[in-house]
Amino acid sequence: MTSLLDRRLLFVTGKGGVGKTTIAAALALLGAQQGKRTLVCEVDAKGNLADFYETKPFRFKEREVEPGLFGMAMDTEESLNEYLKLQLRLPVVARVGPLAKAFEFVATAAPGVKEILTVGKLVYEVRENKYDLVVVDAVATGHIVGQLAAPQAINELVQVGLVRSQTDWMLDLLGDPRTTGLCIVATPEEMPVNETMELVGRVREETNVDLAAIVVNRVLPELFGRSEEACFEHLNEPLLVGALSDAAGGNVEPVFDAARLAVTLRRTRAGHLERLRAGVDASIPLLYVPELFSRTHGLRATRQVADSLASELDI
Amino acid sequence: MAGSGSPKRRATDAIGTMESLLATKEIVISAGSGGVGKTTTAAAAAAMAAVHLGGRVLVLTVDPARRLANALGLEGFGNIEKRVPDEAFKSAGVTPRGEMWAAMLDTKQSWDALVMRHAPNEDVVNQILANPLYQNVAGRFVQSHDYIAMERLYDIHTTGNYDLIVVDTPPTRNAIDFLEAPERMADFFSSRLLRWLTAPARSRVVNFATKPFYQVADRILGTRFLDDIAQFFLLFQTMYDGFVERSRAVEHLLHDRRTSFMVVSTLEAAPLHEAEFFISTLRSMDFQLGALVLNKVLPAYLLDGSATAVAQRMQREPGELASALGPDAGDPQEIARVLREVADSFLRFQVVAKREGEQRKELATVPDVVATVPYFDSDIYDLAGLLRLGEQIWR
């Protein structure tokens, strides 16, 4: 099987709030650190991908943010412009009358147009060999299947025309597991795990994209070994709590309470992790990223996550 | 009442608690970004209202969480409302004063119902339902999901069957999308662009201005596909009047004094930012903001000064503290290891609690009701769990 970063195009998705953008940012950073010329692209207009590199917001035109790492923000209208320039050798869209204005409308009316302009641009970058690796901070789990299946859907809806001739090579690249892969990001919590398991099934049934990995983010550290846990329980006896509080010069109960919370959270999450591992087939690698108890989410945090991913990938 | 124009917030609107909010409103809409516990909070609020306030309370959800159905003692629920059985309340140890009902939005079914209501005759209904583009629009098109949720809410509200409806909103990328959905839908069907688009189906004579557009569109998409689109919109246009009228009514209901919003968030940066943006949008669009619910808040003792001093000492001198307990307490080395680990964990979580505390302070405007829900250390499996959460936001 092809290792994660040896693929050329990685889509990163996940339920809201699980850290999809963090993982996409870190994977791209890791790729660049490995000497790959890397493009990272945010698809969501309201995204904050640039924050993870502590740089100003990305635009459609890519910009180098770290050595070998380029960032861009998807803009379907500009993507259409570029496409028309390349394919039809048309000068600028402004010259074809109401096309630019009508675009938004047609895109709303005809399902898949926006999606195919997004996916099309990214696959094009890969085909043209401008980058060794393209990492996409893609749409959330609810919409990713629609995005990845767009070329197929368009292929079925549109029987002739230029678009039809374009979707064929796109489907080839998207369907090649050595080239393209999907990463699902989840946290070990109930709903993200449920959504991940559902998504795995839908991706298999409705798209031809290979599942490259599931990244489990925010895994909590194990506090105690078995005998230490017994020791902790013992220390919770009122007499010892009193004695410890006297020795420490203050009430130890809140500190113990926090530990108990950490232990229970860890246990609940471990249960969801087991459910996830049992619920998806064993050929899909699971990568674990620990919870970052950090103050901010800037470049430093992105580097830490990239390091965790590197050790999970044995690089 | 409806008809008095868009109502402004007055000082007398001040509502102190979630209890009084749910007691005085007919519709409470739960909104926020994904993963913050919106659905669970909506269900908990509805359950509390059914138990303590009485009347008929409906929770309308868009999230097909099987666990929620189980928690409500239902086998599952769909577009048609189902009553939460009394046994579910009984096993939670309460006797509700009222009734709790639940329904889940089925986008496709709701769209079909809409078409059947507005289409001029059965022939048009059949043609629309059979159109391949309709299948796509009704099933996948995200904005249609937003619209249909509000449309379905209007539908249920006008039946007058419920005293209170708590609505969970669709997981949109942009939480305000669904607020604008009715207006956008109306605009969509009245657009001049729509006429451009549908022109070729009516006549092949295209004027000078639009000709290049069709040439390009033809080359990109192919004529047949364009014709499919055109046919679909021509069919939809027959429903135009009914549709627009309905959209306006939905919009009006959302602005009504009887409707209020409950914004749900955690104290993490991204959802909180989204919540703030949503709150300011609600204000500027003249919607009523009833409450802010902050979920998964870490316990306050993590910020306690004396507890911090203890944790720091424990981290620095675990061995001394362990030996102070005497030999009867157990192996001093193991105790020291445990104390060290416990202290580390406290201080790690404190970093997060501090960050979240700062973010909370930065909230510029907050509604009258701000409810804080502590980090529950286990998942909610049943009605008792929902009510436990509900207790946290009630007063």
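## Nonpolar cores

In this predicted model, the largest nonpolar core holds 86 residues, and B:Ala45, B:Ala46, B:Ala47 and B:Val263 touch the most other members. Helix α2 of chain B (residues 38–53) supplies the largest share of this core, with 10 residues. One of the residues named above, B:Ala47, can be followed further: beyond its neighbours within four places in sequence, B:Ala47 is in contact with B:Met100, B:Leu383, B:Leu386, B:Leu387 and B:Gly390.

Another core, of 76 residues, lies apart from the largest one; among its members are A:Leu5, A:Phe70, A:Leu80 and A:Met170. As a general background, nonpolar side chains in soluble globular proteins tend to be buried together.

## Chain A

Chain A has 315 residues, of which 49% count as buried. Its secondary structure consists of 11 helices and 8 strands.

The contacts of chain A can also be sorted by separation along the sequence. Among those with a separation of 6 or more, 73% are between residues 24 or more positions apart.

## A helix pair between the chains

Two packed helices are described by the angle between their axes and the distance between the axes. Here, helix α8 of chain A (residues 226–235) and helix α17 of chain B (residues 332–361) have axes that come within 10 Å and cross at roughly 85 degrees. Because angles of 65 to 115 degrees count as roughly perpendicular, α8(A) is roughly perpendicular to α17(B).

Which residues meet in this pair? From α8(A) come A:Ser227, A:Glu228, A:Cys231, A:Phe232 and A:Leu235, and from α17(B) come B:Glu334, B:Ile335, B:Arg337 and B:Val338. Sorted by class, the contact of α8(A) with α17(B) has 5 nonpolar, 3 charged and 1 polar residues.

## Confidence of the prediction

For the complex, the predictor gives an ipTM of 0.86 and a pTM of 0.83. Chain B has a mean pLDDT of 81, and 78% of its residues reach 70 or more.

Where in chain B is confidence lowest, and where is it highest? The lowest mean, 56, belongs to helix α10 (residues 192–202) of chain B, and the highest, 96, to helix α15 (residues 305–316) of chain B. Over residues 1–14 of chain B, pLDDT stays under 50, and the model has 7 contacts beyond four places in sequence for this stretch. Residues 201–209 of chain B also stay under 50, with 10 such contacts in the model. Where pLDDT is low, the predicted coordinates should not be read in detail.

Terms used
Residues numbered from 1 in each chain as written. Chains lettered and ligands numbered in written order. Predicted model: local features only at pLDDT ≥ 70, side-chain atom pairs only at ≥ 80, totals over all residues. Helix = DSSP H or I, 4+ residues; strand = E, 2+ residues; numbered from the N terminus. Buried ≥ 20, exposed ≤ 12 C-beta atoms within 10 Å, placed from the backbone. Contact = placed C-beta atoms within 7 Å. Axes fitted to C-alpha atoms, helices over the stretch in contact; angles between N-to-C directions. Parallel < 35°, antiparallel > 145°, perpendicular 65-115°, else oblique. Nonpolar A, V, L, I, M, F, W, Y, C, P; charged D, E, K, R; others polar. Core = buried A, V, L, I, M, F, W, Y, C linked by C-beta atoms within 7 Å. pLDDT = per-residue confidence, 0-100.
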